Amino acid sequence: MTEAVDELFAGSLDDFVKRRDALARELKKAGDKDTAAAVKQLRKPSTAAWAVNQVARRSPDAIDELIAAAREVHAAQARAVQGKDGSGLRTATDEWRKRINALAAAVAKEAGEQYRDDAASTFEAASTSDEWSAMLKAGRLMTTLSPSGFGLQDMPDPVLTPRRTHRSVQPEPEPESPRDDDAIARARDRLEQLDAALDKATHRLRRAEQRLDQARAAVADAEQAQEKAKAERDEAADALRAIAEG
């Protein structure tokens, strides 16, 4: 079954539906009705998704490197939020983006320049999700993906700047500039903490929005399947009545 589905997604896009239906009939004839029904429900990939699948199948090492690069960005973000090695985040992000762009260029070469942006979004989104990265590696995407934000979910809270203690003895007057510098430093620390919190909240919102879209799509598919089953059931009932009355 797995090999047959792999061949289905690896083949030509033009006759995808024809080959899918033939595979479903073959499975049904062999007595595997459940699998046949599941195959029949497979949707024809969009052109961009099909091209992404082809590139992923031909370049599994590049996909593994993309996913590893995305994980390194996540780790670098965690270090940066904790006040450790903030300079590594830009390097890790640049490497991740470079791999995304290289794979998107391969898709553009496969299917056309007009699909480059959709491909880049798909590689970005898939590389940050365990579920979608598995689908990408299998080369079985049916549609392109939208990034939900590479935020700070499940990361530790930012390190808070320790509160400075005051001496009980009145200190000697200090020049204005050191006190100004100290206030600026505290303000910058607070701003960084708030930026991190905003990134985290934004990431959660985008993830929730994407899950909501997926749930709506699942509901639509289920409603369509229900309507089809009801129509087939009504047709069978009508046929049974006709036989009984005849």
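Which helices do the buried residues of H2 pack against? I will come back to that after the overall layout.

What you have in front of you is a predicted model. The protein has nine helices and zero strands, so the pattern along the sequence is simply α-α-α-α-α-α-α-α-α. Of its 246 residues, 29% count as buried. The accessible surface comes to about 16,400 Å², and carbon and sulfur atoms account for 51% of that. If you take the contacts between residues at least 6 apart in sequence, 70% of them join residues at least 24 apart.

Now to H2, residues 16-29. With 14 residues at 1.5 Å each, this helix should span 20 Å, and its end C-alpha atoms are indeed 20 Å apart. The buried residues of H2 are Phe16, Arg20, Asp21, Leu23, Ala24 and Leu27. Seen down the helix axis, they fall within an arc of 160°, so they line one face of H2. That brings us back to the opening question: the buried residues of H2 pack against helix H1, residues 2-10, and helix H3, residues 33-40. On the face of H2 turned away from the buried side are the exposed residues Lys18, Arg25, Glu26 and Lys29. Just after the helix, Gly31 takes a positive phi of about 95°.

One residue of H2 deserves its own remark, and that is Asp21. Asp21 has a relative accessible area of 15%; it counts as buried because that value is under the 20% cut-off. The side chain of Asp21 makes a polar contact of 2.9 Å with the side chain of Lys40.

Next, the nonpolar cores. The largest has 28 residues, and the members that touch the most others are Val52, Ile63, Leu66, Trp96, Val107, Phe123 and Leu136. Helices giving two or more residues to this core are H4 (47-58), H5 (60-81), H6 (87-111), H7 and H8 (130-138). H5 gives the most, with seven residues. Apart from this core lies another, of 10 residues, including Phe9, Leu23, Ala24 and Leu42. Two of those names, Leu23 and Ala24, were also on the list of buried residues in H2.

Back in the largest core, look at Leu66. Setting aside neighbours within four places in sequence, Leu66 is in contact with Trp96, Arg99, Ile100, Leu103, Phe123, Ser127 and Leu136.

Ser127 on that list is worth following. Where does Ser127 sit? Ser127 belongs to helix H7, residues 116-127. Is Ser127 buried or exposed? Its relative accessible area is 5%, which means buried, as the cut-off is under 20%. Beyond residues up to four places away in sequence, Ser127 touches Leu66, Ile67, Ala70 and Trp96. A polar atom of the Ser127 side chain lies 2.9 Å from the backbone oxygen of Glu124.

Last, helix H9, residues 176-245, where Asp195 is found. Asp195 has a relative accessible area of 39%, so it is partly exposed. The C-alpha atoms of Asp195 and Val81 are separated by 9.9 Å, although the two residues are 114 residues apart along the chain.

To recap on the two acidic residues: Asp21 is buried, whereas Asp195 is partly exposed.

Conventions:
Residues numbered from 1 in each chain as written. Predicted model: local features only at pLDDT ≥ 70, side-chain atom pairs only at ≥ 80, totals over all residues. Heavy atoms only, no water. Helix = DSSP H or I, 4+ residues; strand = E, 2+ residues; numbered from the N terminus. Buried < 20%, exposed > 50% of the residue type's maximum accessible area, 1.4 Å probe, protein only. Polar contact = N/O pair within 3.5 Å; in protein donor to acceptor, adjacent residues only side chain to side chain. Contact = heavy atoms within 4.5 Å. Expected span 1.5 Å × (residues − 1). Arc of directions from axis to C-beta. Areas by Shrake-Rupley, 256 points an atom, 1.4 Å probe, with all protein chains shown as cover. Core = buried A, V, L, I, M, F, W, Y, C linked by side-chain atoms within 4.5 Å.
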